[in-house]
Amino acid sequence: MAENLSADFVVIGSGICGALAAYKLARAGASVIMLEAGPRVTRAQLLANFRNSPRRSDWMSPYPFSPWAPHPVYKPKDNGYLVQAGPYPYPAEYIRVVGGTTWHWAAHTWRYLPNDMRMQSLYGVGVDWPCTYDELDPFYQEAEEIMGVAGSAEEHPESPRSKPFPLEPVAEPWAMRRLRERLQPEYPVVGNTVARNSRTFGGRPACCGSNNCQPICPVDAQYHGGLAVDAAEAAGVRLIPNAVVYRLEHDERDRIVAAHYFDPDKQSYRVTGKTFIVAANGIESPKLLLLSTSERFPNGIANSRDMVGRHLMDHPSTSLTFDADEEVWLGRGPQSPSSINTLRDGPFRAEFSAYRLDFTNISRVDSTTQRLLLDGVYGPEFEKRLRYSAAREMNVKTVLEVLPRPENRITLSDRKDALGIPQPQVHYAIDAYTRGGAQDAKKHFTRIAELMGGTNLRFTPDDAFANNQHICGTLSMGNDPNTSVCDRYGRAHDHENLFFIGTGVLPTAGTCNSTLAAVAVGFWTVAHILEEQAGVPSGKRAATGAGAGT
Amino acid sequence: MGWIQAVKRCVGGLMVLGLAWGGAGVVGAAPADPELIQRGEYLARVGDCVACHTAPGGPVFAGGLELPTPVGNIVATNITPSKTAGIGNYTLEQFDAAVRRGIRADGKPLYPAMPYPSYAKVTDEDIEAMYAYFMNAVEPVETRPPQTKLPFPFNIRYSMKLWNALFLDETPFQPDPSQGEEWNRGAYLVQGLTHCSTCHSPRNFLMAEDSSRDLAGGEVGPWHAPNITSDPVSGVGSWSLEEIVAYMKQGSIPKSQAAGPMAEAIDHSFQYMTDADLRAMAVYLKSVPPIAEDGVKKPVDSWGRAHADFASVRGKPWPENPDELNGPQLFDAYCAACHQASGQGTFDRQMPALYQNTATGRLQTNNLVMVILEGIHRVSQGYEVRMPGFAHELSDQQIATLSNYLMQAYGNPDGQTSAEQVANLRQGGPVSSSNLILLARAGMVVGLLVVLALVVWLVRRRRS
Amino acid sequence: MDSKDRSSTSLDHPLSRRQLLVGFLSAYTASLIPWAWAQEVPNEGQAAFMALSAIIAGRQTLNPELAKRIYEALDRSEQDFAARTQQLVALIEEQKIDPLQLQAILDKQYPQLAPIPRKLATAWFLGVVEVDGQAQAIAYEEALNAVFVADVLKPPSYCYGAYGSWAEPPIPNPNTQSEV
C-alpha cells in the first residue's frame, strides 16, 4: 500500500492511557500513529443502543462487538473469549473500541495512598514501587487537570497533594447525605474524587444527574477515552481504527522495529517507528507480548524472565444490601458518589487486605424489577414493592486489595479468535489475605445497616466476590528484572525502545480504581521519554517531579 | 473564555462592580466623585461597551476584536485610559463626540460599527459619568490593536459624514411629559445605551434602521432578532412585565431562553442592571407600537404539547447511513437526555420544555438551527447554563431532519428547515460566534457601500 | 378473515366492533379491572390480553398504543398466544386466582400456561419481549417500572435536572407519575 505507515512513536491501544500519552507526544512535536483494534463509536449511538437494549443492566450490551477485535461478553451467555483456568473465576470486562473501556466507568479518579506504594517495607507483603508518591504528584496533578477531577482536598488527606483539585466536589445526592449524617461520627462518609464535571469544564457541561455514568454518560459530563482520542487526533496523532496488532518485531539489537496488524479482512500491515508504546490494557497488552515470539525471545517480547502477564490484580467486592428505615431513593445524581476511606490503611495490612467501603447510588428500579419478575409478583403488589425497594434499598460494598502473586496471571489459551489469534487465558485465585479483609468488613456492614435502621439484610455469600474491572499488575514496573516487566519509567527491561502505559504497570493494587494512577504514571513515562530524547541527562530528570527520586 | 470567567467571578455579588475590571488605576485626570465613577461603570455595562472593545481572552477594553465586513475587517479600538494606546488624552468633549456623534479626537468619523446612532440619545450627565469611569477606574492597557485598514474608498472616513447626514439623529433623549417617570426611564434606556434597535429593528435598503418598523425584528448575521414590539401575537405584548424582567435578568424563563447574541447581551450587560431599570425597559417595550408579522397565526410561545414517538425508536435498529436517521431517533440520541423523552423538560424546569417555547414557535427556524449547531453558554445570576452544540456531531441533513421533527412534534409545524439552510448557517456560525452583535453593526458599513455607489452614480450622471 | 369480510363486518354490524371488554369477562375478573366497562376491544383474543395485562400490571389504565405493540409482538412470537391467554383468563376466573399466587400455581399445575404471564409481565414491567428467540426492547420510558416511580426518578440516561438538583430531598407524589 502506498501510504506511509511509519512514525516517531507507535502507540498500540487508544484507551484513555494510550490516547493521552499519544496526545502529549504529538503536542511535543512528535509524529504518532495510534493503532486501535476496535471501531469508532459515538456517544449518541451508544446512548440509543442502551435505551434499545433488552438487557439494560448489562452495561456491555450497548457496546458493539467486533469479531476481529473480540472482548469478553458474559450475557446473555459467556462467549468464552477470556478462557478461565481457575481456580477462581476472573470475569474481566473491557471494551475494544476507539477510546477503550472508560466509555463506561464510574469516573472514580483516586490517587493511591503513599503507603500503597511501600507495602513490602511497611507491612512485609506485596512489593514496593520503584518510584515514590511524591515523584508522581505532579503527574497526578497533570492528569487530574486534563480529566477535570472534582474533589475536596479537605475530605481526602489520605492522598496528599501540592495543588488543589481542578474542580469543586460534585454535589452530594440526597441519599448520600443521609448516609453521611446518620453514620457520623462513627464513619466519615466522604465524596469520591471523580473525573466528573461539577461545572462546565473542557467545553463539556456539568453533571445533570442522569444516573447513567455506566454504561454511557449522555452528556459527556465525565471524562473518558473517547475525549482523549479527540484531543490526540486534534494534536496531530494519526489514529488507525480496526487495526488488530498481533506481533511486535525486533531487530538484532533487541529494539522493536515494527508492529504488525490485521485489518478486519485479515490483510496484514507493518507499521514501523522509533519508539513503541504498548497501551492495550492489562490483558490485551500481555497477550500481544506473549504472541510476539521470535528465536531470541521464544516466550515473547519483554518476557525473557517469564514475568509478562503475572501478578494479575483487581479489586474483588463483597457487599451488603439492606432496606433503610427512611426513603432515600437511590438513582438521583451520579451512580457512585461516596465512600468510607478510613479502612484503606493501617497496621492490619500485614495480616489482611485493606478496603474502601463504597456506597452505590444506582437506581434500584431495574434490579428490583428483575427480582419481582423472578418471584412472579403481579398485580398492585408489584408497584407497591417496586416503590418500596426503589425508595429504601441501599448497598455498601468493599473494594478489596489483592496482593501481586506470580501465579495469578494471563497466558495464551489454545483457543483462537476469528482472525486466528490465540485468546487470552486467566489463572486467578482469591487468597486468604483478601478473604481476611472481606471477613473484617462484615462487622462494619452490619453496623452501617444498623445506623441506617436497616432491615432485610442481604450479605453476599462468603465465596462470592464481584469483580471491578481494575485489571492491573500484568506488566509490573520494578527495579528487579527478575520480578518485573519494565523499569520505573515503564521501559521494558528487555527492549530499549519499548514502553508500557496502562494499568498493567501498576505494581500494587491498593484500594482504589486504577485508571488515574495509570494515566499519571503514563505521563511520567512520556516526560521521561521526551527528556531522554531531548538529551537531558538522566540525573536531571527528577527536576519535573517534586521528589528526590529513589 | 477569559471574559466569561471574569464575569463568573463577579456574578456572586450583585452589583459588586469593578472587581473584574481592575478598578484601581487612576490616570491623569483629576480625581472624580466615586459615586459618579460608579454610576459611569454601571452605564458602561448598560451600553455593553465591553462586548466589542475586548478581544476574546484579551485585556478588558483594550480593543482588538475584529469585525469582518464585506470590505475588510474593522478592528475595535483600545478605550482604556492609556495615553499612548487608548483614550487617555481625550477631554470630556472629545469623549462625548466619539460616543454620541461618532467623531474621533482627531476629528475623523468613526465607522458606525460603533452604535453611536443609539448612543446619541444619552444625556450629558450620563456621558460625564461614563467619562469619569473610563478615565479613573479602568486599568490602562498600553497595547494598541492593529488599525482598521479598509480599501479605497472606504478608507476615506469622511465618507461617513454623508451617511450620518442621512441617518444620524443627534438630539439627546427628550422625555415625553405625557408618560410617567418609569416609562421615560425605559424609553431612554431602550432607545439609547442598551441600543436594542441595533439588532431588533429591521434595516432599510441603505442598512439604516427602519424607524417605521422600530423593534419589529431584524437579522444578526445567522441569527434572527425577534419582534419585541407590543404586538400580542408577533411581539412580546402577551409577556408579563415580570417575564420580560426575568428574561433579561436570567436569560431564561420557561417559555423562552436566550441564545447567541442575546445571551451575550445578557451575560455582558442586562444581568447587571437594576430591577428598576429592567422593569422600566419592560414597561416601555410593552408600549412600543405593535407591528404584526405576516403569517404568524398565534403567539410563538403557544405552540405544541408533550409528545413522544417511541414506536419509531424503541427496538428499531439505526440505519446504515446516519443521514437516514429519522427525527424521533435523532431526538432520542441527541436531545431527550436533557429535554426529556416527551420534550417536557426536567422537574425543576432548568432544562426547558420544547413546547410552548419560543425556540420552536417561529416560522423562521434560523435560531433553532443555530442553537443546535452552537449550543448555549450563558453565565447569569450566579449560575451557568450550557447546552452543548452539535456542529461537530450532526450533519446538515441530520440537523434539518431534527429541526423539522422538533417543529412538527413540539412547535409551529409551518417552520421548515432545509439542509441547505443548515449548511449556510453553519458557515456563518463560527465566524459570528466571536461577537454577533458586532456583526449586526457591520450592516451599517454595507449601507455605506450603497451610499457611495449612489454618489458615484450621481456624479457620473452629472458629468455625462 | 379476509379484507372483504372485515369491511362487511364493520359496515353491516357496527355494534360488533364496539363490544366492551367487560362483555368478555366474568364477575371475578371484571372486579379486578373495573375500567373494563369502558374499554372497547375488537375480539376475544385481545380482550383476554387486555384483561390479563390489567390483572398483571395491577393498573386501571394502560397505555393503549404500547398495549398494541406488546400484543402484536407476543402474538407473533408465542404459539397460540391468543388462545392460551383466553384459557388463562378463564382459569383465573374459574379458580379466582389472586394475581400474587398466579405464577406459582401455573408453574406447579399448568406449565403450558406458565410462560404467558411471565412474558406479559416482562413486556409491561420491563419493556422487553422475545421475538423470534431474540429478546427485544419494545419500551423503556413507558415500561411500567419506569412509570411507577416517575414522580421521583427519571429513567436512567435522562437528566434529573440542573446541576445539583439531586441534592434536594425527593418528594414522592404518585399522582404525577404518568409524566414520562
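The paragraphs below lead through a predicted model, beginning with the domains of chain A and ending with a residue of chain C.

In chain A, two domains are assigned, and each is assembled from separate stretches of the sequence: domain 1 takes in residues 1-149, 210-315, 404-430 and 472-536, while domain 2 takes in residues 170-193, 317-401 and 431-464. Computed from centre to centre over C-alpha atoms would be one way to place them, and by that computation domain 1 of chain A and domain 2 of chain A lie 31 Å apart. Where the two domains meet, domain 1 of chain A contributes 23 residues to the contact and domain 2 of chain A contributes 27 residues. On the side that belongs to domain 1 of chain A, these residues divide by class into 11 nonpolar, 10 polar and 2 charged.

From the domains one can turn to the interior, where the largest nonpolar core holds 338 residues, and where A:Ile12, A:Ala22, A:Val32 and A:Ala520 touch the most other members. Helix α11 of chain A gives the most to this core, with 11 residues. In soluble globular proteins, nonpolar side chains tend to be buried together. The surroundings of A:Val32 can be followed one by one, for, leaving aside residues up to four places away in sequence, A:Val32 touches A:Ala7, A:Asp8, A:Phe9, A:Val11, A:Ala22, A:Leu25, A:Ala26, A:Val237 and A:Arg238.

Helix α11 of chain A, which spans residues 515-533, also contains A:Thr525. This threonine, A:Thr525, counts as buried because 27 other C-beta atoms lie within 10 Å, and the cut-off for that class is 20 or more. Apart from residues up to four places away in sequence, A:Thr525 touches A:Tyr489, A:Gly490, A:Phe499 and A:Ile501. A:Gly273 stands 252 residues from A:Thr525 along the chain, and the C-alpha atoms of the two are separated by 18 Å.

Chain A also meets chain B, in a contact that joins 13 residues of chain B with 13 residues of chain A. On the chain B side, the elements that give two or more residues are α13 (327-339) and β8 (383-387), and the largest share, 6 residues, comes from α13 of chain B. By class, the residues on this side of chain B divide into 6 nonpolar, 2 polar and 5 charged.

Last comes chain C, in which C:Pro64 lies in helix α4, covering residues 64-77. C:Pro64 is exposed because 10 other C-beta atoms lie within 10 Å, where the limit for that class is 12 or fewer. Between C:Pro64 and C:Met50, 14 residues apart in sequence, the distance in space is 9.3 Å from C-alpha to C-alpha.

Definitions and conventions. Residues numbered from 1 in each chain as written. Chains lettered and ligands numbered in written order. Predicted model: local features only at pLDDT ≥ 70, side-chain atom pairs only at ≥ 80, totals over all residues. Domains from an automatic or database assignment. Contact = placed C-beta atoms within 7 Å. Nonpolar A, V, L, I, M, F, W, Y, C, P; charged D, E, K, R; others polar. Helix = DSSP H or I, 4+ residues; strand = E, 2+ residues; numbered from the N terminus. Core = buried A, V, L, I, M, F, W, Y, C linked by C-beta atoms within 7 Å.
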